[in-house]
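Here is a short set of exercises to work through with the model open beside you. Try each task before reading its solution.

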Amino acid sequence: MADIQISNLVKTYPGGSERATDDVSLSIRDGEFTVLLGPSGCGKTTLLRMIAGLELPDSGSISIGGRDVTYLPPNKRNLSMVFQSYAVFPHRKVRYNIGFGLKMAKVPADEIERKVQWAADLLQLGPYLDRLPANLSGGQRQRVAVARAIVMDADVLLMDEPLSNLDALLRLTFRSELKKIVQDLGTTTVYVTHDQSEALSLGDQVAVMRKGRIAQLGDPLDVYDAPADRFVGGFIGSPPMNFLDAAVSHDGGTLVLGEQQLMAPSILRSFAGKDVLLGVRAENVAVNSTRSSGDVAATVLVVEPMGSTTLLTVEVDGHPLKVQAPPTFKTAPHRTVWLGFAPNTMRVYDRETSMALE
Ligand code: ATP
């Protein structure tokens, strides 16, 4: 069992005025793939480095497989790590690089050979074992770094932005390969990224971090469909969630968007008479060229054909909004379109605190 229990971790760097992690608690089950996601400086790398033992917390604790490892050195934690920079030895062959950790651990040579071959097969590095890293592509070099980590047979695999040095296409390909490899190995994995699509595609659970804290922890669909606050909704999704000021009528039956009114979905009944912030995903708004009952008028600002869909930036009572139309939808800037909001997909937030109200 290699579950990870993180309790109340606080870390302030010397000279730092803010806490890099501010009372972070997180529970990771054995075999689970957890992604730490957030903007630059939110503390995700610090949290990962504390799990690795490369940084020590000011307070709080970390246990792996029921063992308190908070103050143990990295090599006593039975984990392996993949960094953003490949960190391979440039003057040593791929074979040596993959087997390096095993050699340090004094594993017999024939077993090293066997494991290196196994990892090389898994990561399609077989033909390159006798090459120097300099003669590999970026993607191949990153595969070497992953191979070197997985041969260790560690309880926990830690990865810090391992795909960020790859070009967009390679990132996509390697992402799904990595997912399959980690799934097959079943190793407990903690993965840091600032790329929300990577987080959604890879994670069993996603911890969205902001200013040293976990803003939301949930499975990918949860954090996408029901962001805990405006920050999470704005960070996850491409385009980000739309947020609109709205008011619920005193009888709770009508939603008022500026000058326009539509029927309030039943989830809003308990907010009768209140000003709220509505969170709406682009794909949950139907875009029509003619008016249906309950539709809201919007003016088209920008039309962006994306292939499978057309992204429209429209304006509703002075608020810009991103919506998606079918690729065949014909419109142009300055035209009026009609928007139908799918009631059960609307999320309601507090105007003052931006926190979800449901
Ligand atoms: P990025 O995606 O840019 O790597 P991050 O979310 O991983 O960001 P951290 O690197 O964990 O964030 O940094 C969290 C906070 O701690 C930031 O304010 C950062 O400036 C600060 N910090 C990180 N490392 C150090 C250090 N060695 N010394 C002082 N402050 C640091």
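**Exercise 1. The hairpins**

Task: Find the bridge partner of V316 in β18, then place it among the strand pairings around β17.

Solution. Start with the pair itself: V316 has H319 as its bridge partner in β18. Next, step out to the strands. β17 and β18 (residues 319-325) run antiparallel and are joined by seven bridges. Two residues lie between these strands in the hairpin, where D317 has a positive phi near 45°. Now turn to the pairing with β16. Strand β16 (residues 296-305) pairs with β17 (residues 310-316), again in the antiparallel sense, over six bridges. Here T299 is found opposite E315 of β17. The hairpin of β16 and β17 has four residues between the strands, and G307 takes a positive phi near 100° in it.

**Exercise 2. Overall layout**

Task: Describe how the protein is divided into domains, and how far apart their centres are.

Solution. Keep in mind that this is a predicted model. Begin with the inventory: the protein has eight helices and 20 strands. Its C-alpha atoms fill a box of roughly 75 × 45 × 35 Å along the principal axes. The division is into domain 1 (4-235) and domain 2 (242-350). Taken over C-alpha atoms, their centres are 39 Å apart. At the contact between them, five residues of domain 1 meet five residues of domain 2. On the domain 1 side, the touching residues comprise two nonpolar, one polar and two charged.

**Exercise 3. The cores**

Task: Work out which residues touch the most other members of the largest nonpolar core, and which helix gives this core its largest share.

Solution. First, the size: the largest nonpolar core has 63 residues, and L36, A147, L158, A207 and V208 touch the most other members. Helix α4 (residues 138-150) supplies the largest share, with six residues. Then follow one member outward. Beyond its neighbours within four places in sequence, A207 is in contact with L26, T34, V35, L36, L37, I214 and L217. Finally, look for a core apart from this one: there is another of 29 residues, including A282, V296, L312 and F341. For the protein as a whole, 38% of the 358 residues are buried.

**Exercise 4. Around the ligand**

Task: Say which residues come nearest to the ligand and how the shell divides by residue type.

Solution. The ligand has 13 residues around it, of which Y13, A20, S40, T45 and T46 come nearest. Sorting the shell by type gives three nonpolar, eight polar and two charged residues.

**Exercise 5. Backbone exceptions**

Task: Is Q124 buried or exposed? Look also at its phi and at the other backbone exceptions.

Solution. Begin with the general expectation: most residues other than glycine have a negative phi, and most peptide bonds are trans. Q124 has a positive phi near 55° and is found in the loop between α3 (109-122) and α4. Q124 counts as exposed because it has 12 C-beta neighbours inside 10 Å. S354 also has a positive phi, near 65°, and is found in the segment after β20 (347-350). With 18 C-beta neighbours inside 10 Å, S354 counts as partly exposed. For the peptide bonds, go to S238 and P239, which are joined by a cis bond with omega about 5°. P239 is found in the loop between α8 (230-235) and β11 (242-248).

Notes: Residues are numbered from 1 along each chain as its sequence is written. This is a predicted model: local features need pLDDT of at least 70, side-chain atom pairs count only at pLDDT 80 or more; totals for chains, interfaces and linings use all residues. A residue is near a molecule or strand if its C-beta atom, placed from the backbone, lies within 6 Å of it. Ala, Val, Leu, Ile, Met, Phe, Trp, Tyr, Cys and Pro count as nonpolar, Asp, Glu, Lys and Arg as charged, and the others, Gly among them, as polar. Domain bounds come from an automatic or database domain assignment. Two residues are in contact if their C-beta atoms, placed from the backbone, lie within 7 Å. Two strands pair if DSSP finds at least two bridges between them. A nonpolar core is a set of buried Ala, Val, Leu, Ile, Met, Phe, Trp, Tyr and Cys residues joined through C-beta atoms within 7 Å. A residue is buried if 20 or more other C-beta atoms lie within 10 Å of its own, exposed if 12 or fewer, and partly exposed in between; C-beta atoms are placed from the backbone.
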